[in-house]
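Please walk me through this protein chain, beginning with its interior and moving on to individual residues and peptide bonds. I would like running paragraphs rather than a list.

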Amino acid sequence: MAEMMTTQAGDAGAFRNFDLNRVPTPCFVVDEKAVEQNLAILSDVGSQSGAQVLSALKAFSMFSLAPLVRQHLDGTCASGIYEARLGREEYGGEVATFCAGYKEADMDEILSLSDHVIFNSIAQKDRFLAKAQAAGVQVGLRINPEHSEGEIAKYDPCAPCSRLGTPVSQLSHEIMVGVDGLHMHTLCEQGFEPLMRTWEAIAPKLAPFLGHLKWLNFGGGHHITRDDYDRDGLIAFIKAIRETHDVDVYLEPGEAVALDAGILVGEILDLPTNGMALAITDISATCHMPDVIEAPYRPALMAEAEAGHTYRLGGPSCLAGDVIGDYTWDKPLEIGQRFAFLDQAHYSMVKTNTFNGVPLPTIALWNSETDALKIIKQFGYDDFKERLS
């Protein structure tokens with residue numbers, strides 16, 4: 001599911017003490033301790049509730065932290081063959097794979113990598129059911145609860161005519177043959193209450209089938225590691241589901257794993273003027289934070305001033321719309337000055353691209369407790385060239 005859709009204040013946390021000049025730009029800097037703290041919260045929720053908690057690789061797949069994830073969570077969920085392979089090779093534990101449409105040519109490998117394969121439609125389930133059962137892989141069906149909690153229609157899996165999930169109104173005992181579990185993913189950066197409302201809306205419709213299921217998967221979009229999330233409510237809810245229906249329960253947090261755990265550091269390249277003060281940066285909305293344009297949303301600037309000198313920040317690409325937004329500093333900017341956007345570890349990192357030949361950001365791992373800093377990956381010309389051929 002899509003990530004941040006609205007402007008959020010962000011939390012600088014330990015990054016307030018990080019010297020932005022320690023890394024090349026642009027650069028993602030991920031705080032290992034912040035990720036560990038998020039993972040500890042998720043692990044505690046799993047332990048107290050009995051839920052199996054899987055890390056959603058679509059949101060955060062920095063596999064240099066896979067050993068840390070493996071210490072706390074039960075495995076990964078994948079959105080296709082490559083993420084399934086990454087989950088199996090690097091993370092261990094369970095691998096649950098969902099894709100809106102599987103290719104015949106990929107199915108044998110996906111089954112060899114996955115513990116659960118979740119189908120989006122009845123037709124795909126029927127097409128691959130025998131093969132999945134022969135491989136000893138549990139079969140899931142994604143449902144559309146037909147109950148909307150999304151704030152923005154284009155990111156709402158329950159919007160009219162959505163392609164995601166089998167409408168719950170279409171379920172029947174005949175359709176459910178061979179299905180081991182049901183999956184739903186309808187939330188986006190939300191608290192516990194929308195999950196509870198969704199369950200209350202669909203529970204009567206699922207009642208005829210629950211006695212035959214092995215598990216329920218409530219997907220991702222749960223902001224479990226946010227301070228104001230009702231974790232006690234979630235734990236009680238999962239316990240009740242498990243005890244009442246004798247099923248395992250899965251959660252697939254992605255953003256929650258890396259929430260407030262990373263920044264994207266950039267540099268001011270030029271300061272032109274055209275009707276207002278402009279600033280050209282080596283961070284590109286198009287290439288490095290595409291959701292700024294696609295969602296859209298305004299990423300939070302670390303230490304932004306309430307009043308002072310306002311600039312419209314834009315990237316180095318030729319796209320006229322490569323604009324990040326208007327931001328304010330208490331002093332005039334200078335060429336070469338460093339700055340950082342908050343909460344960029346999740347989604348931004350996995351969505352980067354090399355349009356215009358704009359270089360990909362370096363990836364660095366920082367430990368806010370020990371102050372150890374390690375450059376994990378630097379990208380060069382070959383990373384641009386070799387994807388084009």
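The paragraphs below go from the cores to the helices and then to particular positions in the loops.

The model is a predicted one, and every value that follows was computed from its coordinates. A useful starting point is the interior, since in soluble globular proteins nonpolar side chains tend to be buried together. The largest nonpolar core has 77 residues, and those with the most contacts inside it are L171, L182 and L234. The largest share of this core comes from helix 6, residues 192-210, which supplies 7 residues. A second core, separate from that one, is made up of 15 residues, including A12, F18, A340 and W366.

L171 gives a closer view of the main core. Leaving aside residues up to four places away in sequence, L171 touches L141, I143, T166, M176, L182, L206 and F209. Two of these names, L141 and T166, also appear among the contacts of I122, a residue of helix 5, for I122 touches L141, T166, Q170 and I175 when residues up to four places away in sequence are again not counted. The chain between I122 and M176 spans 54 residues, yet their C-alpha atoms are separated by 8.7 Å.

S172 lies in the loop between strand 7 (166-167) and strand 8 (181-183). Is S172 buried or partly exposed? With a relative accessible area of 26%, S172 is partly exposed, because the buried class ends at 20% and the exposed class begins over 50%. Computed along the sequence in residues, S172 and D322 are 150 apart, and their C-alpha atoms lie 48 Å apart in space.Helix 4, residues 104-113, shows how burial can be arranged around a helix. Its buried residues are M107, I110, L111 and L113; seen down the helix axis, they fall within an arc of 150°, so they line one face of helix 4. The face turned away from this buried side carries the exposed residues A105, D108 and S112. Which elements do the buried residues of helix 4 pack against? They pack against helix 3 (81-91), strand 4 (94-99), strand 5 (116-119) and helix 5 (122-134), and it is in helix 5 that I122 has its place.

Another packing arrangement involves helix 1, residues 32-49, and helix 7, residues 231-245, whose axes come within 9 Å and cross at roughly 35°. The crossing of these two helices is right-handed. On the side of helix 1, the residues I41, V45, Q48 and S49 meet R231, L234, I235, I238, K239 and R242 of helix 7. By class, this contact has 5 nonpolar, 2 polar and 3 charged residues. L234, which takes part in the contact with helix 1, is also one of the residues with the most contacts inside the largest nonpolar core.

The backbone has several features that deserve a look, beginning with two cis peptide bonds. The bond from T25 to P26 is cis, with omega near -10°, and P26 lies in the segment before strand 1 (27-31). The bond from A295 to P296 is likewise cis, with omega near -15°, and P296 lies in the loop between helix 10 (291-294) and strand 13 (309-314).

P299 is found in the loop between helix 10 and strand 13 as well. At 0% relative accessibility, P299 counts as buried. Not counting residues up to four places away in sequence, P299 touches M289, V292, I324, Y327, F341 and Q344. P299 and A285 are 14 residues apart in sequence, with a C-alpha to C-alpha distance of 10.0 Å.

Finally, two residues other than glycine have a positive phi. Phi of Y347 is near 65°, and Y347 is placed in the loop between strand 15 (338-342) and strand 16 (362-366). D371, which is not a glycine either, has a positive phi of about 70° and lies in the loop between strand 16 and strand 17 (373-377). How do Y347 and D371 stand with regard to burial, buried or partly exposed? Y347 counts as buried, at 8% relative accessibility, whereas D371 is partly exposed, with a relative accessible area of 40%.

Terms used:
Residues are numbered from 1 along each chain as its sequence is written. This is a predicted model: local features need pLDDT of at least 70, side-chain atom pairs count only at pLDDT 80 or more; totals for chains, interfaces and linings use all residues. Side-chain values use heavy atoms; hydrogens and water are left out. Buried means under 20% relative accessible area, exposed over 50%, partly exposed in between (1.4 Å probe, protein chains only). Helices (H or I, at least four residues) and strands (E, at least two) are DSSP runs, numbered from the N terminus. The arc is that of the directions from the helix axis to the C-beta atoms. Contact means heavy atoms within 4.5 Å. A nonpolar core is a set of buried Ala, Val, Leu, Ile, Met, Phe, Trp, Tyr and Cys residues joined through side-chain atoms within 4.5 Å. Axes are lines fitted to C-alpha atoms, for helices over the stretch in contact, and angles run from 0 to 180 degrees between N-to-C directions. A crossing is left-handed if the near helix is turned anticlockwise from the far one by less than a right angle, and right-handed if clockwise. Ala, Val, Leu, Ile, Met, Phe, Trp, Tyr, Cys and Pro count as nonpolar, Asp, Glu, Lys and Arg as charged, and the others, Gly among them, as polar.
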